[in-house]
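Here are some notes for a colleague who is new to this structure. They are set out as numbered points, to be read with the model in view.

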Amino acid sequence: MRDRFATGVVCVLTALLAALLTGCTQSAAGGENDKGPAAASSVATSATRASGFGAVFLAVDECSSFGKTSFTEVPCSGERAAARVVARHDGTTADGPPCPATTDFVLHISEQSQISDEDGDGAVPQGYACMRNLQPPHPGDPGGGGGPRTIVGDCVYGSGSGQVRETACDGKGARKPQYKVMKAVASRSRCPLSTALYVQLGGPQPVGCARPL
């Protein structure tokens, strides 16, 4: 969403004994100091062109405010900026390309139609933005305990029914790590003999070879 601006005009004053007119302008309420975030479901609806932002809503290298369920596109140099877009794709995460390995979180953008939008065609397509925090922590880093992808260097614990979940390798997460992914390979047969657990990673090397901790 772009912050909206309104401009008010102060009345014209007529000076005594002269026909001198003086005018000035000032910013009305709103703008960059408006702290109110937009709901995630309405982010695409309210995305409009604004000076200082790119032509595409949350394009690569643009920034979002704090929040994963509600967020606003903001200047990366501003104090409200929390994360930067490292990849942007149309469609859904299930159908589109995976985010980069060290993505911290994903913002989902709803498809909406409107009069003014990112490219002027009257519609904002459904899509998703892969985000990287501007400041630590980075849960998407190896061993960080989060992020949308499990990668080499991450730790997991058994969650039952043959499933595993990621947790921080330093043991500071809600659950203690039980295994660490040491290698990514094309098939299980390529894992080292020390492998105790196979973790589904996706991508061109979809098998993670994990050893116990």
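**Notes on the predicted model**

1. A hairpin is a convenient place to begin. β15 and β16 form a hairpin with 6 residues between the strands, and in it G202 takes a positive phi near 85°. The model is a predicted one. The two strands of the hairpin are antiparallel and are paired over 4 bridges. Within this pairing, Q200 stands opposite V207 in β16.

2. β16 also pairs with β14. The two run antiparallel and are joined by 6 bridges. One of the facing pairs is V181, which stands opposite A210 in β16. β16 therefore takes part in two pairings, with β15 over 4 bridges and with β14 over 6 bridges, and it covers residues 207–212.

3. This region also holds a disulfide. C191 and C209 are bonded, with their sulfur atoms 2.0 Å apart. The torsion about the S-S bond is -80°, and the link of C191 and C209 is left-handed. C191 lies in the loop between β14 (179–185) and β15 (197–200), while C209 lies in strand β16, and the two are 18 residues apart. C191 counts as buried because its relative accessibility is 12%, under the 20% cut-off. C209 is buried as well, at 2% relative accessibility.

4. Turning to the chain as a whole, the protein chain has 16 strands and 0 helices. Of its 213 residues, 35% are buried. Among contacts between residues at least 6 apart in sequence, 50% join residues at least 24 apart. The chain exposes about 12400 Å², and carbon and sulfur atoms supply 53% of that area.

5. How are the strands of the open sheet ordered? The sheet has 5 strands, in the order β6-β5-β7-β11-β8, and the pairing is antiparallel. β6 (73–74) and β8 (105–109) are at the edges; each has a single partner strand, so one side of each is left without a neighbour in the sheet. For β8 a pairing can be followed in detail: β8 and β11 (residues 127–133) are antiparallel, with 5 bridges between them. I109 stands opposite G127 in β11.

6. Which elements give two or more residues to the largest nonpolar core? The core itself has 10 residues: F57, L58, F71, A83, V85, F105, L107, I109, A129 and M131. β7, β8 and β11 are the elements that each give two or more. β8 provides the largest share, 3 residues. The edge strand β8 is thus also the element with the largest share of this core. Another core, of 7 residues, lies apart from it, and V156, A184, L197 and V199 are among its members. As general background, nonpolar side chains in soluble globular proteins tend to be buried together.

7. The whole structure contains 4 disulfides. Counting bonded cysteines along the chain, they follow the pattern 1-2, 3-4, 5-6, 7-8. Besides the link of C191 and C209, two others deserve a separate look, and both involve strands of the open sheet.

8. C63 and C76 form one of these disulfides, with 2.0 Å between the sulfur atoms. The angle about the S-S bond is 105°, and the link is right-handed. C63 is in strand β5 (residues 63–64), and C76 is in the loop between β6 and β7 (83–90), 13 residues away. Are the two cysteines buried or exposed? C63 counts as buried, at 0% relative accessibility. C76 is partly exposed, because its relative accessible area is 27%, which is between the cut-offs of 20% and 50%.

9. C99 and C130 form the other, again with sulfur atoms 2.0 Å apart. The torsion about the S-S bond is about -75°, so this disulfide is left-handed. C99 is in the loop between β7 and β8, C130 is in strand β11, and the two are 31 residues apart. C99 counts as buried at 7% relative accessibility, and C130 counts as buried at 0%.

Methods. Residues numbered from 1 in each chain as written. Predicted model: local features only at pLDDT ≥ 70, side-chain atom pairs only at ≥ 80, totals over all residues. Heavy atoms only, no water. Pairing = 2+ DSSP bridges. Disulfide = S-S within 2.5 Å. Buried < 20%, exposed > 50% of the residue type's maximum accessible area, 1.4 Å probe, protein only. Contact = heavy atoms within 4.5 Å. Areas by Shrake-Rupley, 256 points an atom, 1.4 Å probe, with all protein chains shown as cover. Core = buried A, V, L, I, M, F, W, Y, C linked by side-chain atoms within 4.5 Å.
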